[in-house]
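The following exercises treat strand pairing, aromatic rings, charged side chains and cysteines in turn. Please attempt each task before reading its worked solution.

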Amino acid sequence: MITVHIGVWDNDTARIQRTCATLDVVMRKMKLPGQVTVNCEPPQLSRQNLGNRYPSLEICNEFWCRKPGEDLTVEQLEELFTMMLATGRIMI
């Protein structure tokens, strides 16, 4: 079984917790095996040149951000993972 590695990049601890909880809901619902890591240290954030595009998700070395400063919803993540599965960016 292939495991999907997802990195959450953000500088807001409360939003990180909400993002991780939403990812957990979506991954369970879609039966996606995976591991979520969090990157919130300022030096790491600045090295990625994400500007203010937080929260961002790193999936398979690609960064995804919906609307800077806004929480990611279950629907948005389902849409993202569905697209990634359909295009072969992630496989399970």
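**Exercise 1. Strand pairing**

Task: Establish which residue in E2 stands opposite Val-8, and how E1 is joined to E2 and to E3.

Solution.

Step 1. Val-8 stands opposite Val-38, a residue of E2. The model is predicted: local features require a pLDDT of at least 70 and side-chain atom pairs a pLDDT of 80 or more, whereas totals for chains, interfaces and linings use all residues. Residues are numbered from 1 along each chain as its sequence is written, and side-chain values use heavy atoms, with hydrogens and water left out.

Step 2. Helices (H or I, at least four residues) and strands (E, at least two) are DSSP runs numbered from the N terminus. Two strands pair if DSSP finds at least two bridges between them. E1 and strand E2 (residues 34-39) run parallel and are joined by 6 bridges.

Step 3. Between E1 and E2 the chain passes through helix H1 (residues 13-29), and this β-α-β crossover is right-handed. That term applies if, with the strands pointing away from the viewer, the path from the first strand over the helix to the second runs clockwise.

Step 4. E1 is also joined to strand E3 (residues 56-59) by 4 bridges, and these two strands run antiparallel. Here Trp-9 stands opposite Ser-56 of E3.

Step 5. Accessibility completes the description of E1: 5 of its 6 residues are buried, and the strand is mostly covered. Buried means under 20% relative accessible area, exposed over 50%, and partly exposed in between (1.4 Å probe, protein chains only).

**Exercise 2. The aromatic pair**

Task: Determine how many aromatic pairs there are, and classify the geometry of Trp-9 and Phe-63.

Solution.

Step 1. A pair of aromatic rings is described by the distance of the centres and the angle of the planes. Rings of Phe, Tyr and Trp (its six-membered ring) pair if their centres lie within 6.5 Å; planes under 30 degrees apart count as stacked, over 60 as edge-to-face and the rest as tilted.

Step 2. Under this rule the count is 1 aromatic pair. In it, Trp-9 and Phe-63 lie 5.7 Å apart centre to centre with 65 degrees between the planes, which is an edge-to-face arrangement.

Step 3. The pair links distant parts of the chain, since Trp-9 belongs to strand E1 (residues 4-9) and Phe-63 to strand E4 (residues 62-64), 54 residues apart.

Step 4. Trp-9 counts as buried at 5% relative accessibility, whereas Phe-63 is partly exposed at 32%.

**Exercise 3. Salt bridges**

Task: State how many salt bridges the structure holds, and locate the partners of Asp-24, Glu-78 and Arg-66.

Solution.

Step 1. Side chains of opposite charge can pair when their charged atoms come close. A salt bridge requires a side-chain nitrogen of Lys or Arg within 4 Å of a carboxyl oxygen of Asp or Glu. The structure holds 6 of them.

Step 2. Asp-24 pairs with Arg-28, with 3.1 Å between the closest N and O atoms. Both residues lie in helix H1, 4 residues apart, about one turn of the helix. Asp-24 is partly exposed at 37%, and Arg-28 is exposed at 63%.

Step 3. Glu-78 meets Lys-29 in a salt bridge of 2.8 Å, N to O. Because Glu-78 lies in helix H3 and Lys-29 in helix H1, the pair ties together parts 49 residues apart in sequence. Glu-78 counts as buried at 18% relative accessibility, while Lys-29 counts as exposed at 55%.

Step 4. Glu-78 is in helix H3 (residues 74-86). Leaving aside residues up to four places away in sequence, Glu-78 touches Val-26, Lys-29 and Met-30, where contact means heavy atoms within 4.5 Å.

Step 5. Arg-66 pairs with Glu-79 at 3.7 Å between the closest N and O atoms. Arg-66 lies in the loop between E4 and H3 and Glu-79 in helix H3, so this pair ties together parts 13 residues apart in sequence.

**Exercise 4. Cysteines**

Task: Explain why Cys-20 forms no bond with Cys-40.

Solution.

Step 1. A disulfide is a covalent bond between the sulfur atoms of two cysteines. The criterion is a pair of cysteine sulfur atoms within 2.5 Å, and the count comes to 0 disulfides.

Step 2. The cysteine sulfur closest to that of Cys-20 belongs to Cys-40 and is 9.8 Å away, so it is too far for a bond.

Step 3. Cys-20 is partly exposed at 24% relative accessible area, and Cys-40 is partly exposed at 36%.
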